[in-house]
Amino acid sequence: MSFKDLGVNSALIKALNLAGIDKPFPIQKATLPDAIAGKDILGRGQTGSGKTLAFGLALISRLAGKTAAPMRPLALILSPTRELAMQISDVIAPLSRSVNLNSQVVAGGLSYSKQIQALKRGVPIVVATPGRLIDLIQKKHIKLDDILITVLDEADQMADMGFLPDVKRILDLTKPDGQRMLFSATLDKDVDSLVKQYLR
């Protein structure tokens, strides 16, 4: 089964081929058709299973051709740490550029003013850690009303680090009928409460 069979945008397939990626991983085969169709996804996968491309390709395929208003991104990827947010960005930024989309990391320890400037210009995809995102929401530098797709990556790690109250606050600010994708290595009680409350 190829990326084309799974419904991935043709410009993205070209970008993947240039990067030497021509065969989807099992988690990508399992999730991409439903994710591209806009359905909620619950994916269990360890680090290295290919889940960043699983949600990234779906999200970028769905947003291709759309533009974001200033301070109103269209997709949000939540990550527990700045390091992971930057790793996710390294994977999705070149792919999103292939369909004229751009992305921005919003996390502590990185230039505050650069993040605000990017948001003011209008960024379709934001990769964020919960703490910095809430800070920017409170200071009215970002609004989540236009978010069509929310991804929670490493949800179990976010639960372990005590971020679930923040994650719920953030999810409550996105469209209730928006698409949500949750990826986690384990689906224990804390993660399960998120699934029951926010995924269809």
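**Figure 1. Surroundings of Gln-28 in the predicted model.** Gln-28 is part of helix 2. Its relative accessibility is 1%, so Gln-28 counts as buried. Neighbours within four places in sequence aside, the contacts of Gln-28 are Phe-3, Leu-6, Pro-33, Gly-50, Leu-53 and Ala-54. Gln-28 is also one of the helix 2 residues that make the contact with helix 3.

**Figure 2. Packing of helix 2 on helix 3.** Helix 2 spans residues 26-36 and helix 3 spans residues 51-63; they pack at an angle of about 20 degrees, and their axes are 9 Å apart. Helix 2 is therefore roughly parallel to helix 3. The crossing of the two is right-handed. On the side of helix 2, the contact is made by Ile-27, Gln-28, Thr-31, Leu-32, Ala-35 and Ile-36. Helix 3 contributes Lys-51, Leu-53, Ala-54, Leu-57, Ala-58, Ser-61 and Arg-62 to the contact. By residue class, the contact of helix 2 with helix 3 holds 8 nonpolar, 3 polar and 2 charged residues.

**Figure 3. Packing of helix 3 on helix 4.** The angle between helix 3 and helix 4 is about 35 degrees, with 10 Å between their axes. Helix 3 and helix 4 cross in a right-handed sense. From helix 3, Thr-52, Leu-53, Phe-55, Gly-56, Leu-57 and Ile-60 take part. They meet Ile-88, Val-91, Ile-92, Leu-95 and Ser-96 of helix 4. The residues of this contact comprise 8 nonpolar, 3 polar and no charged.

**Figure 4. The largest nonpolar core and the place of Leu-57 in it.** This core has 39 residues, of which Leu-57, Leu-59, Ile-60, Ile-77, Ile-125 and Met-181 touch the most other members. Two or more residues come from each of helix 1 (10-18), helix 2, helix 3, strand 2 (75-78), helix 4, strand 4 (125-128), strand 5 and strand 6 (179-184). The most are given by helix 3, with 8 residues. When neighbours within four places in sequence are left aside, Leu-57 is in contact with Phe-3, Val-8, Leu-12, Leu-16, Leu-32 and Leu-95. Another core, of 29 residues, lies apart from the largest one and includes Leu-76, Ile-142, Ile-147 and Tyr-198.

**Figure 5. Thr-129, a buried loop residue.** Thr-129 sits in the loop between strand 4 and helix 6. The relative accessible area of Thr-129 is 9%, which is under 20%, so the residue is classed as buried. Beyond its neighbours within four places in sequence, Thr-129 is in contact with Leu-78, Ser-79, Pro-80, Thr-81 and Arg-82. Val-106, Ala-107 and Gly-108 are also among the contacts of Thr-129.

**Figure 6. Asn-100, with a positive phi.** Most residues other than glycine have a negative phi. In Asn-100, phi is positive, near 60 degrees. Asn-100 belongs to the loop between helix 4 (82-97) and strand 3 (103-106). Because its relative accessible area is 72%, Asn-100 is exposed.

**Figure 7. Lys-140, also with a positive phi.** Lys-140 is not a glycine, yet its phi is positive, at about 60 degrees. The residue lies in the loop between helix 6 (130-138) and strand 5 (149-152). With a relative accessibility of 61%, Lys-140 counts as exposed.

Methods:
Residues are numbered from 1 along each chain as its sequence is written. This is a predicted model: local features need pLDDT of at least 70, side-chain atom pairs count only at pLDDT 80 or more; totals for chains, interfaces and linings use all residues. Side-chain values use heavy atoms; hydrogens and water are left out. Axes are lines fitted to C-alpha atoms, for helices over the stretch in contact, and angles run from 0 to 180 degrees between N-to-C directions. Helices (H or I, at least four residues) and strands (E, at least two) are DSSP runs, numbered from the N terminus. Angles under 35 degrees count as roughly parallel, over 145 as roughly antiparallel, 65 to 115 as roughly perpendicular and the rest as oblique. A crossing is left-handed if the near helix is turned anticlockwise from the far one by less than a right angle, and right-handed if clockwise. Contact means heavy atoms within 4.5 Å. Ala, Val, Leu, Ile, Met, Phe, Trp, Tyr, Cys and Pro count as nonpolar, Asp, Glu, Lys and Arg as charged, and the others, Gly among them, as polar. Buried means under 20% relative accessible area, exposed over 50%, partly exposed in between (1.4 Å probe, protein chains only). A nonpolar core is a set of buried Ala, Val, Leu, Ile, Met, Phe, Trp, Tyr and Cys residues joined through side-chain atoms within 4.5 Å.
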